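Reader: Hi! I'm new to looking at protein models, and I'd like a close look at a single part of this one. Could you pick up one helix and walk me through what goes on around it?

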Amino acid sequence: MKESDNFFERVYKIARLIPYGKVTNYGSIAKYLGAAKSARMVGWAMNNSHNQTQEVPAHRVVNRKGLLTGKHHFDGTNLMQQLLESEGIIIIENQIQELEKVFWDPMKELP
């Protein structure tokens with residue numbers, strides 16, 4: 001097993017804890033895992049999450065500005081946006097509105 005595989009598993013574990021109707025960002029997951037400069041690697045993990053046997057709610061992970069930067073990794077034209085909207089999140093032009101109201105910070109929410 002490569003070291004990145006272990007990191008990806010840790011990312012998936014955190015992503016699975018993001019509550020319905022909430023989002024977090026790549027950097028917040030990386031920071032929680034003690035790898036603050038690894039936001040891009042969290043993104044790579046999210047891009048690969050569809051290969052997991054246990055579902056990973058990757059649609060709940062966005063960039064620090066609330067942009068749906070990972071949307072092209074989902075099947076369908078607007079699947080990421082549709083999944084978020086079905087959870088009550090408002091999106092205009094690929095950006096989550098009122099991000100601070102729906103933002104979930106693992107540093108504050110997890111032990």
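**A close look at helix α1**

Author: Let's start with one residue and see who its company is. Setting aside the neighbours within four places in sequence, Ile14 is in contact with Ile29, Tyr32, Leu33, Trp104, Pro106 and Leu110. Keep in mind that this is a predicted model. So where is Ile14 itself? Its place is in helix α1, and at 6% relative accessibility Ile14 counts as buried, the cut-off being under 20%. Ile89 makes a handy reference point: Ile14 and Ile89 sit 75 residues apart in sequence, and their C-alpha atoms are 20 Å apart in space.

Stay in α1, because there's a nice pair of rings there: Phe8 and Tyr12 both lie in this helix, which covers residues 3-15. They are 4 residues apart, about one turn of the helix. Here's the rule behind that: an α-helix has 3.6 residues a turn, so residues three or four places apart point the same way. Now, how are the two rings of Phe8 and Tyr12 arranged? Their centres are 6.3 Å apart and their planes meet at 65°, so the pair is edge-to-face, given that planes over 60 degrees apart get that label. A search of the whole structure finds 1 aromatic pair. Both partners are tucked away, too: Phe8 is buried with a relative accessible area of 13%, and Tyr12 counts as buried at 1%.

For comparison, have a look at another helix, α3, which runs over residues 39-48. Val42, Gly43, Ala45 and Met46 are buried there. Seen down the axis of α3, its buried residues fall within an arc of 160°, so they line one face of the helix.

That helix also helps to enclose some empty space. The structure holds 1 cavity of 30 Å³ or more, and the volume of the largest cavity is about 50 Å³. What lines the largest cavity? The list is Tyr26, Gly43, Met46, Asn47, Ala58, Val61, Gly70, His73, Phe74 and Met80. The largest share of that lining, 3 residues, comes from α3. By class, the lining has 6 nonpolar, 4 polar and no charged residues.

There is open space to look at as well. The largest pocket holds about 270 Å³, and of the 16 residues that line this pocket, Ser49, His50, Val56, Ala58 and Phe74 are the closest to its centre. Helices α3 and α4 (79-86) each supply at least two residues of the pocket lining. Sorted by class, that lining has 7 nonpolar, 7 polar and 2 charged residues.

Last stop: a couple of backbone oddities. Most residues other than glycine have a negative phi. Glu93 has a positive phi of about 50° although it is not a glycine. Glu93 is found in the loop between β3 (91-92) and β4 (95-96), and at 74% relative accessibility Glu93 counts as exposed. Glu98 is the other one to check: its phi is near 50°, again a positive value in a residue other than glycine. You'll find Glu98 in the loop between β4 and α5 (99-102), where, at 46% relative accessibility, Glu98 counts as partly exposed.

Key: Residues numbered from 1 in each chain as written. Predicted model: local features only at pLDDT ≥ 70, side-chain atom pairs only at ≥ 80, totals over all residues. Heavy atoms only, no water. Buried < 20%, exposed > 50% of the residue type's maximum accessible area, 1.4 Å probe, protein only. Arc of directions from axis to C-beta. Phe/Tyr/Trp six-rings, centres within 6.5 Å; stacked < 30°, edge-to-face > 60°. 1 Å grid on protein atoms, 1.4 Å probe; cavity = no way out; pocket = protein on both sides within 12 Å on 5 of 7 lines; lining within 4 Å. Points joined across faces, edges and corners; volume = space filled by probe spheres on them. Nonpolar A, V, L, I, M, F, W, Y, C, P; charged D, E, K, R; others polar. Contact = heavy atoms within 4.5 Å.
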